[in-house]
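User: I'd like to go through this model with you and ask what stands behind each label. Could you set the values against the cut-offs as we go?

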Amino acid sequence: MPDKVYLFDTTLRDGEQSPGASLYPEEKLQIAQQLARLGVDVIEAGFPISSRGDFEAVKQIAEMIEGPIICGLARAKEEDIKVAGEALRLAKRKRIHTFIATSEIHMKKKLEMTPQEVKKAAIEAVKLAREFTDDVEFSAEDATRSDVDFLCEVFEAVLEVGATTINIPDTVGYALPWEFGELVRKIKENVRGIDKAIISVHCHNDLGLAVANSLSALMNGARQVEGTINGIGERAGNAALEEVIMTIVTRKDAIPFRVDVDTTQIYRTSRLVSDLTGLPIQPNKAIVGDNAFAHEAGIHVHGVMKDRRTYEIIDPRQVGIPQSRIVLGKHSGRHAFEEKIRELGYELSREELARAYVRFKEIADRKKGITDRDIEAIISDEIFAPPETFRLDYVQVTSGSGLLPTATVRLTKEESSFVESAVGVGPVDAIYKAIAKVFSIPHQLVDFRVESITGETEALGEVTVRVEKDGRIHSGKGASQDILEAAAKAYVQALNKLLAFSGKEGR
Ligand code: KIV
Ligand code: ZN
């Protein structure tokens with residue numbers, strides 16, 4: 001049996017550090033559930049000391065998710081480790097991941113600590129973390145720009161006091177694959193006690209090399225890869241876990257390792273992360289992009305029709321891309337709808353199915369064929385929408401050549417309803433001004449995007465917006481055949497998230 005590679009998913013921690021990717025605790029739980037279905041070995045659920053919301057999310061995931069190890073991040077500081085230990089208390093399998101920077105620039109300029117102070121803090125952190133769990137990971141932040149001898153000295157010291165995983169982050173995405181492989185090999189050969197620990201790598205994608213660096217590390221002794229779904233994360237992101245997985249699976253002739261995951265859950269996981277974070281997947285993204293299995297050129301299409309393997313190295317079914325057997329339309333009944341939902345890989349409760357079906361019927365009455373993307377948009381809009389403080393009841397707009405665009409909206413909050421009107425330079429502007437009056441919370445609209453799910457004018461339109469307050473971005477999504485309604489829904493969702501994050505009630 002080939003050696004196992006442990007998959008450490010940090011979508012909910014490093015991934016959530018992507019600008020605009022802030023997630024509700026409920027959304028984090030949904031993603032964690034899906035990651036458990038995918039079968040990753042470790043879920044880094046958050047950075048508990050960083051905010052009340054992160055603490056609650058880690059706690060909830062620790063309590064509810066079974067299977068993967070649940071991990072919480074902590075700086076090499078007493079308070080961080082105690083808070084992480086508390087958040088993880090009820091996890092069946094838990095890990096504390098503590099870190100401190102070891103590069104000269106970080107130690108001098110950021111930490112203002114001497115190397116020996118850093119080493120001492122690392123030792124104390126691991127010792128304290130071991131009081132909460134036997135599973136402790138230590139990361140030397142900015143390892144690839146650190147002095148190798150000092151790096152080895154720190155790793156040796158933390159192993160002596162009980163670290164069980166040693167992580168080598170390429171924090172700024174600076175390493176080249178052969179350099180990074182060499183670094184891993186040196187650490188494996190020179191650090192006393194390393195044979196009892198797992199060597200892990202954590203690569204950022206600033207030069208587009210995160211996956212290549214991770215693979216090079218595996219070939220030189222690493223056995224854990226850290227990454228995120230869709231490669232989201234700080235700046236250019238992290239190693240895309242789905243790419244690491246499918247490279248190992250597809251090139252098993254050249255990579256002598258195995259991963260214990262259900263690859264058919266990849267597509268579903270990728271869509272869920274994109275829907276809930278509001279971060280779109282580029283069409284040509286490897287493994288999960290819309291075009292990853294599309295063939296345009298005549299020669300290619302001809303080849304694929306004769307035998308897929310002429311131009312496809314992965315069967316799309318392997319990653320769970322639905323191969324539509326059921327086509328839905330206005331005459332489709334509940335049974336066909338439920339079958340389609342299953343085919344697309346969703347697991348909905350009876351109540352969620354009922355709600356999604358009502359929405360499907362409304363749309364099917366007005367649109368000829370319902371595509372898989374339509375269904376995905378319905379589920380994202382109806383089921384995965386985060387809890388709402390304010391709910392959009394209706395939106396009315398007058399607009400046209402020579403008219404002053406005017407909008408009236410009604411939003412409800414518990415038993416109260418709020419009606420506001422506004423004029424704007426266009427209908428969306430008028431709607432947004434009216435909605436902003438209801439929420440009455442200062443913010444900046446920083447992004448507004450409209451997408452037609454399928455090509456026709458009767459298609460569902462999907463709107464994504466991002467709003468910013470105090471440097472934090474919140475995204476919202478809305479889908480409807482009426483693009484103005486979709487725009488209103490998206491804005492209300494983003495402002496609801498902002499409201500929840502700032503702990504305000506609104507009106
Ligand atoms: O990139 C990094 O160095 C990190 C550490 C906390 C592991 O995210
Ligand atoms: Zn990172």
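**From values to labels**

User: I see that strand β14 gives the nonpolar patch its largest share. How many residues is that?
Analyst: Happy to start there, with the reminder that this is a predicted model. Strand β14 covers residues 444-452 and supplies three residues of the patch. The patch as a whole is formed by L445, F448, V450 and I483, with about 300 Å² of accessible area together.

User: Where does I483 lie, and what makes it partly exposed?
Analyst: I483 lies in helix α16, residues 483-501. Its relative accessibility is 35%, and partly exposed runs between the 20% and 50% limits, so I483 counts as partly exposed. Patch members need over 30% relative accessible area, and I483 has 35%.

User: What makes D14, H202 and H204 donors of the zinc ion (ligand 2)?
Analyst: Distance decides. The cut-off for a donor atom here is 2.8 Å from the metal. D14 (OD), H202 (NE2) and H204 (NE2) lie 2.0 to 2.1 Å from the zinc ion, so they meet it. Along the chain, the donors follow the spacing D-x187-H-x1-H. D14, in the loop between β2 (6-9) and α1 (25-38), and H202, in strand β8 (residues 198-203), are 188 residues apart, a link between distant parts of the chain.

User: Why are D14 and H202 called buried?
Analyst: Buried means under 20% relative accessible area. D14 has 2%, so the label applies. H202 has 5%, so it is buried as well.

User: How do you know that E78 and K82 form a salt bridge?
Analyst: The limit between side-chain nitrogen and carboxyl oxygen is 4 Å. For E78 and K82 the N to O distance is 2.7 Å, so the pair qualifies. Both are in helix α3 (residues 78-87), and because they are four residues apart, about one helical turn separates them. K82 has a relative accessible area of 36%, so it is partly exposed.

User: What about R317 and D315: what makes that pair a salt bridge?
Analyst: Their closest N and O atoms are 2.7 Å apart, and that meets the 4 Å limit. R317, at 49% relative accessible area, is partly exposed, because exposed calls for over 50%. D315 is partly exposed too, with 24%.

User: And why is E462 with R373 called a salt bridge?
Analyst: The closest N and O atoms are 3.9 Å apart, and the cut-off is 4 Å, so the pair counts. E462 in strand β15 (residues 461-469) and R373 in helix α14 (residues 372-382) are 89 residues apart, so this pair links distant parts of the chain. E462 counts as buried at 5% relative accessibility, whereas R373 counts as partly exposed at 22%.

User: How many salt bridges does the structure hold, and which residues are linked in a network?
Analyst: The structure holds 52 salt bridges. K4, D41, R258 and D260 are linked in a network of them.

User: One more: which residues touch the most other members of the largest nonpolar core?
Analyst: F138 and I168 do, in a core of 118 residues. Beyond its neighbours within four places in sequence, F138 is in contact with residues including F99, I100, V126, F155 and I166. A second, separate core has 28 residues, among them A407, A486, A488 and V492.

Note on methods:
Residues are numbered from 1 along each chain as its sequence is written. Chains are lettered from A and ligands numbered from 1 in the order in which they are written. This is a predicted model: local features need pLDDT of at least 70, side-chain atom pairs count only at pLDDT 80 or more; totals for chains, interfaces and linings use all residues. Side-chain values use heavy atoms; hydrogens and water are left out. A nonpolar core is a set of buried Ala, Val, Leu, Ile, Met, Phe, Trp, Tyr and Cys residues joined through side-chain atoms within 4.5 Å. Buried means under 20% relative accessible area, exposed over 50%, partly exposed in between (1.4 Å probe, protein chains only). Contact means heavy atoms within 4.5 Å. Patches are made of residues with over 30% relative accessible area and no salt bridge: like charges are joined within 9 Å, nonpolar side chains (Val, Leu, Ile, Met, Phe, Trp, Tyr) within 5 Å. Accessible areas come from the Shrake-Rupley method with a 1.4 Å probe; for residues, only the protein chains shown count as cover. Helices (H or I, at least four residues) and strands (E, at least two) are DSSP runs, numbered from the N terminus. Donors are N, O and S atoms within 2.8 Å of the metal (3.2 Å for Na, K and Ca); water is not among the atoms, so sites may look incomplete.
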